[in-house]
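Let's take a walk through this model together. Keep the viewer open and follow along as we go.

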Amino acid sequence: MTVRRQGVEHALGLAYRDEDVVEFLRRAGLPDAEALLDDPETVEWVGGRPHEWTAE
């Protein structure tokens, strides 16, 4: 997962479930992180549909 602030991307780590994404958003200082999962202005899902995770 990466976060983009002021045009600069920062790698945060790998997310394996929604809860991981919420934790990364929380650590990045975004309030109400769980509600942001479905906000396309905040979260861009890459490699699959939102909330669908594959075991690796």
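What is the relative accessible area of Glu9? Glu9 comes out at 46%, so it counts as partly exposed. Keep in mind throughout that you're looking at a predicted model.

Glu9 makes a good place to begin, since its side chain meets that of Arg4 in a salt bridge, with N and O 2.7 Å apart. Arg4 is exposed, because its relative accessibility is 55% and the bar for exposed is over 50%. So this pair joins a partly exposed Glu9 to an exposed Arg4.

Now for the rest of the salt bridges. The count comes to six. One of them sits in helix H1, which spans residues 18-27: the side chains of Arg27 and Glu23 meet there at 2.9 Å, N to O. The two residues are four apart in that helix, which is about one turn. Arg27 is exposed at 61% relative accessibility, whereas Glu23 is partly exposed at 26%.

Another salt bridge links Glu52 with Arg49, and here the closest N and O atoms are 3.1 Å apart. Glu52 is partly exposed, with 47% relative accessibility, and Arg49 is exposed, with 59%. Elsewhere, Arg17, Glu19 and Asp20 are tied into one network by salt bridges that share partners.

What about a charged residue that is left out of all this? Look at Asp18, which is found in helix H1. Asp18 is buried, and yet it has no salt bridge. Why not? A salt bridge needs a side-chain nitrogen of Lys or Arg within 4 Å of a carboxyl oxygen, and the nearest side chain of opposite charge, that of Arg17, is 8.7 Å away from Asp18. What Asp18 does have is a polar contact with His51, side chain to side chain, at 2.6 Å.

Next, the backbone. As background, most residues other than glycine have a negative phi. Gln6 has a positive one, near 50 degrees, and Gln6 isn't a glycine. You'll find Gln6 in the loop between strands S1 and S2, the latter covering residues 8-11. At 83% relative accessibility, Gln6 counts as exposed.

Asp32 is another case: its phi is positive, about 55 degrees, although Asp32 is not a glycine either. Asp32 also has its place in a loop, the one between H1 and helix H2, which runs over 33-36. Asp32 is exposed as well, at 58% relative accessibility. If you'd like to see how that part of the chain sits against H1, check the C-alpha atoms of Asp32 and Val22: they are 8.8 Å apart in space, with these positions 10 residues apart in sequence numbering.

Move along into H2 and you come to Leu36, which has its place in that helix. Is Leu36 buried or exposed? Leu36 counts as buried, because its relative accessibility is 17% and buried means under 20%. The C-alpha atoms of Leu36 and Val21 are 9.8 Å apart, although the two residues are 15 residues apart along the chain.

That leaves the empty space. As a general point, rolling a probe the size of a water molecule over the atoms shows where such space is left. In this model, the largest pocket has a volume of about 940 Å³. It is lined by 28 residues, and those closest to its centre are Met1, Thr2, Glu44, Trp45 and Val46.

Which elements supply at least two residues each to that lining? They are strand S1, residues 2-5, and helix H1. S1 gives the largest share, at four residues. As for chemistry, the lining of the largest pocket divides into 14 nonpolar residues, six polar ones and eight charged ones.

Methods
Residues numbered from 1 in each chain as written. Predicted model: local features only at pLDDT ≥ 70, side-chain atom pairs only at ≥ 80, totals over all residues. Heavy atoms only, no water. 1 Å grid on protein atoms, 1.4 Å probe; cavity = no way out; pocket = protein on both sides within 12 Å on 5 of 7 lines; lining within 4 Å. Points joined across faces, edges and corners; volume = space filled by probe spheres on them. Nonpolar A, V, L, I, M, F, W, Y, C, P; charged D, E, K, R; others polar. Buried < 20%, exposed > 50% of the residue type's maximum accessible area, 1.4 Å probe, protein only. Lys, Arg positive; Asp, Glu negative; His and termini not counted. Polar contact = N/O pair within 3.5 Å; in protein donor to acceptor, adjacent residues only side chain to side chain.
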